[in-house]
Amino acid sequence: MLKNKYIKFLAFLGVIITCGIGLGKAIQKKSYAASSFELLKLLEVEDELIENLNAYVKELKRKFNLLDKSLLTMKAEQNQMKDDYETYLGNPLNSFRLIHRLHTDWRKWHHYASKANRGELKNIEKAHQMRKRLPTALDLEQACRGIDDLMSCYDLKPGELAAGNLSGYSIPETALSAQDCFAMGEFCLRDRKEDHAEDWFNVTLANFNEDKLLYKVNRFSRFSVHNTWAALLIKNQKISGASYRYGKLPKESENNQLYQWINEEILTKRNCRAIFRQPSRLHCRYNSSTTPFTRIAPLKMEELSTDPYMVIYHDVIYDSEIYWLLNTSKLTLSLVDTGTMSEFRASKDSNILLPQGKVVRTLEERVTDMTGLSMEMSEEFSLINYGLGGHYVLHTDYHNHFNQTRWVRGDRLATVLFYLGDVDSGGATIFPMINVSVTPKKGSAVFWHNLHNSGDMNIKTMHSGCPVIVGSKYVLTKWINELPQMFVTPCIRKNYFPTKNVINNDN
Ligand SMILES: O=C(O)CCC(=O)C(=O)O
Ligand SMILES: [Fe+2]
């Protein structure tokens, strides 16, 4: 009876969805949402799935019964032993059986309990096969769109639909679950109907049924809703609303890390768009004092910041060197073949060894002239090419105090970033905590210290490569390690030596 009603409802829904999609949206062939005929097939699929799950549960029950019965026998034997264990163990047959069952039987029980038997596997395999007949993400998308079209056409509200009320046509059995409402919310988010999404999230929370068992199966909780909702608010820069949602999340959860991450994203966006005025006490000058070579060939230097120490060098790399870097055949290949796209760094990057030779050696000497630092144990040059929207998320170049590699070559004391080309628009390197934004300019290089003089990490060096708007961006990075500099920039780190009589030269 109920099933008949259900079929009628689905047919009704199918017609509505078909109409909705017909209003300008492309119909996907054989889409479940596109016709009531296809929807009927889904009922068969559901019948088969339930039958399959039922058979699987029967198998599990059989296993459970066997284990339960064996447990009773084991307990009986154990009780007999506990009554008088001396008599029990005095009998050599009992001692033999005790050793035997604990040596052999327990392994078998463990094996039996932990492995799926043939009957279980058969049902699991069947369920796996049936996945091909289940609705796809596209089907779900179309179903959501159908409901959404219906809502805008008849001015329906999420609360009414959630209660199974379709414009006066009310069927309580068809009420939507919290998870259904959440799926609608997520759809509206994807479809950029953010107000609708918030309405659906509200209804989701109102309809939430705290079923721990269900949570175990489908991992859906109130937190999922607060988290997605908060991410939406953060995206729209509604920070206080987002903080309220995040306040609902468990402390120390991964989600709070997400919050931090999204906050950093906002920081990055704000800074990528901003243009900063440099403080006037900083100067441009020729640097002729770092190494003897700079006395005869001074470098054009512009100060950007004193904490962290940061300068730009202009015209510090020759066109011929840039040409070599970008056209070495090995490098060109790697830019194409080992290109990586990640959320972290959308770039084709090559950490491959540049062919060692004159250019690389000369560039390393140049870095020493610019920084006064030794290139011993420094990392290989890293060449990065950013394409469409290419960016590097907010990060610091240092590792951290506790990283094992720090004890081999030390942490990354300083970074030198060469710009190998101009970028038509976007692509600045930004340091949001000190309001510094460096526009890529062919031939220039920015140099900064990642660590304080004490060796502590300087959080103000946090930086990011903003997305490229027009053009492409090539940078060459050199991370300079700390340990080989001990005689160049001698300083004694706070707590570096564990003994009491430390000369603390920290400044
Ligand atoms: O491309 C940029 O502007 C930043 C690159 C960077 O931060 C790095 O290589 O560590
Ligand atoms: Fe970096």
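## Overall picture

Of the 507 residues of the protein, 26% count as buried, a figure that refers to a predicted model. The protein has 18 helices and 17 strands. Among the contacts with a separation of 6 or more, 69% are made by residues 24 or more positions apart.

## Helix α6

Helix α6 covers residues 137-154, and because each of its 18 residues is expected to add 1.5 Å, the helix should span 26 Å, which agrees with the 26 Å found between its end C-alpha atoms. Its buried residues are Gln142, Ala143, Cys144, Gly146, Ile147 and Met151. The helix is followed by Asp155, a residue whose phi is positive, near 55°.

## An open sheet of four strands

Strands of a sheet pair through backbone hydrogen bonds, in either a parallel or an antiparallel manner. Here four strands form an open sheet in the order β9-β15-β12-β13, and the pairing is antiparallel. The edges are taken by β9 (392-395) and β13 (436-438), each of which pairs on one side only. Neighbouring strands of this sheet are turned against each other by 10° on average, direction ignored.

The antiparallel pairing of β9 with β15 rests on two bridges, and His395 stands opposite His463 in β15.

## Strand β17 and its partners

Strand β17 (473-481) is largely enclosed by the rest of the structure, because eight of its nine residues are buried. Strand β8, residues 382-386, runs antiparallel to β17 and is joined to it by five bridges; within this pairing, Ser382 stands opposite Thr477.

Strand β10, which comprises residues 412-419, also pairs with β17 in the antiparallel sense, in this case over seven bridges. Arg412 has Asn481 of β17 as its bridge partner.

## The surroundings of ligand 1

The residues around ligand 1 are Ile384, Tyr392, Asp397, Leu417, Thr429, His463, Gly465, Val475 and Thr477. By character, this shell divides into four nonpolar residues, four polar residues and one charged residue. Two strands, β15 (463-465) and β17 (473-481), each supply at least two residues of the shell.

Some residues of the shell also take part in the strand pairings described above: His463 of β15 stands opposite His395, while Thr477 of β17 stands opposite Ser382. The surroundings of ligand 1 thus draw on β15, a member of the open sheet β9-β15-β12-β13, and on β17, the strand that β8 joins through five bridges and that β10 meets over seven.

Notes
Residues numbered from 1 in each chain as written. Chains lettered and ligands numbered in written order. Predicted model: local features only at pLDDT ≥ 70, side-chain atom pairs only at ≥ 80, totals over all residues. Buried ≥ 20, exposed ≤ 12 C-beta atoms within 10 Å, placed from the backbone. Contact = placed C-beta atoms within 7 Å. Near = placed C-beta within 6 Å. Nonpolar A, V, L, I, M, F, W, Y, C, P; charged D, E, K, R; others polar. Expected span 1.5 Å × (residues − 1). Pairing = 2+ DSSP bridges. Axes fitted to C-alpha atoms, helices over the stretch in contact; angles between N-to-C directions.
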